[in-house]
Amino acid sequence: MNQNIYHNKTLQWLFYAAAFAVLGAVPLISDDAFLLNQLAIYGVYGMLAVSISLCWGSGGILNMGQGIAFGLGAYCMAMTMQMQTQAEGTIPPFMLNNGLDSLPQLWQPFQNTATGITLALVVPTAFYLIFGGIMFTARVSGPFFAIMTLATLSAFATIFVDLQPYTNGVNGISPPGSLNLGNLEIDPYSSGAYWSVFAMLVACTVAAKLINQSRFGLVVRALKDDPERVRFLGYNVAVYETLVYTLSGLIAAIAGCCFAVLTQYVSPAQFEVGFSISIVIWTALGGRNSLIWAMFGAFAVQGAQSYVGDQFLSTWILILGFSFILVVRFLPGGFAGLMETILGLLPNAKAKTATTNLEFRDAKEVAK
């Protein structure tokens, strides 16, 4: 049994509860509308980091194109919000400027809010399910899979720019109004919007952790270290890889929906390669093997970029890249690994409950 209290399940849940209690109390401490909106957007980035931690940290699947699910979810939500502001029989102004005189079939479903929100979650998730199924069935993995996700991401960016009459090209879509759910209007600068995103962040993080602690998560972690041995034990590795990849896409799609609601804007920038690589860097800095520390990594990098990055301008990306190199070289487990090392040095750090460090050495349990 691992003696490090870092792996104590009870203490882990207590740490999660304490961290989320602090985050949830922010609107009670400050009513600064700009600050609440900014922190809510950090929460969106936290969800993205959690999605990469689930996919990469648990499943060993390095997804460099997480912007695909994020962008698709954000676009679908922005299209829904745009259609909420359109009078019956009218079309968005940018379509008129691009020579369209009627609403395209592609936009028809988004006239209904419930259908639009459903599509915002289903479209990216279905794409991940199909794309992952094709790739993992063909046993495409490791750097080859990362390259495929990058190529696909670039293709999406090109498509959304080229389809200017339908997506407004590089200008993107800017819904003039907030999202309305029935009679409830979600003001992106309100405490209600903050708590809505906070609830999504808590739900996604807790769900991902429960998945990690389940028997499904045990198999996923086992195949990260040696998929061939897991395959010999009788498990369909492609199915497990596809499912965990799809779940990470669903979390990213939820993050994309929240992003569109908070910013009332979406553009092909969400499909840029640099943005998706940044998500991986946030996760690596925080610790890809820990969901909550990956989330903290996103908070730390985005917070630093907001308050320090302006002083460095374009040099900021060099600082971020150099930090990533340092972490990979000297702190491969990120901040989470550092915390694990520090707690392991405590003299009476004995765990009284089962550990969560279920690496492949626990493969015998998988076989039961």
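Glu 228 and Arg 231 sit 3 residues apart in helix H11, which spans residues 227–232, so about one helical turn separates them. In this predicted model, the two residues form a salt bridge, and their closest N and O atoms are 2.6 Å apart. If you look through the structure for salt bridges, you will find 1. How open to the surroundings are the two partners? Glu 228 has a relative accessible area of 34%, so it is partly exposed. Arg 231 also counts as partly exposed, because its relative accessibility is 22% and the partly exposed class runs between 20% and 50%.

Now let us turn to two helices that cross. Find helix H3, residues 33–58, and helix H13, residues 273–286: they pack with their axes 9 Å apart and at an angle of about 75°. How should we describe that arrangement? The angle makes H3 roughly perpendicular to H13, because angles from 65 to 115 degrees fall in that class. To see where the helices meet, pick out the residues on each side. H3 brings Tyr 45, Leu 48, Ala 49, Ile 52, Ser 53 and Trp 56, while H13 brings Phe 275, Ile 279, Val 280, Trp 282, Thr 283 and Ala 284.

Stay with H3 a little longer, since Gln 38 lies in this helix too. Is Gln 38 buried or exposed? Its relative accessibility is 13%, so Gln 38 counts as buried. Which residues does Gln 38 touch, once we leave aside its neighbours within four places in sequence? The contacts are Ser 306 and Tyr 307.

Next, take a look at the surface. Here Leu 129, Ile 130, Ile 134, Val 239 and Leu 243 form a nonpolar patch, and together they have about 440 Å² of accessible area. Two helices, H6 (113–137) and H12 (237–263), each supply at least two residues of this patch. Which helix gives the largest share? That is H6, with 3 residues. One patch member to look at is Ile 134, which lies in helix H6. Ile 134 counts as exposed because its relative accessibility is 52%, and the exposed class begins over 50%.

Moving on from H6, we come to the loop between H6 and helix H7 (142–162), where Arg 139 is found. The backbone deserves a look here. Most residues other than glycine have a negative phi. Arg 139, however, has a positive phi of about 60° although it is not a glycine. With a relative accessibility of 54%, Arg 139 counts as exposed.

Asn 168 offers a second example of a positive phi in a residue other than glycine, with a value near 65°. Look for Asn 168 in the loop between helix H8 (164–167) and strand E1 (179–181). Is Asn 168 buried or exposed? Asn 168 counts as buried, because its relative accessibility is 14%.

Our last stop is Ala 203, which has its place in helix H9, residues 191–213. Ala 203 has a relative accessible area of 41%, so this residue is partly exposed. Now follow the chain to Ile 292. Ala 203 and Ile 292 are 89 residues apart in sequence, and from C-alpha to C-alpha they are 12 Å apart in space.

Note on methods. Residues numbered from 1 in each chain as written. Predicted model: local features only at pLDDT ≥ 70, side-chain atom pairs only at ≥ 80, totals over all residues. Heavy atoms only, no water. Patch = residues over 30% accessible without salt bridge, like charges linked within 9 Å, V, L, I, M, F, W, Y side chains within 5 Å. Areas by Shrake-Rupley, 256 points an atom, 1.4 Å probe, with all protein chains shown as cover. Salt bridge = Lys/Arg side-chain N within 4 Å of Asp/Glu carboxyl O. Helix = DSSP H or I, 4+ residues; strand = E, 2+ residues; numbered from the N terminus. Buried < 20%, exposed > 50% of the residue type's maximum accessible area, 1.4 Å probe, protein only. Axes fitted to C-alpha atoms, helices over the stretch in contact; angles between N-to-C directions. Parallel < 35°, antiparallel > 145°, perpendicular 65-115°, else oblique. Contact = heavy atoms within 4.5 Å.
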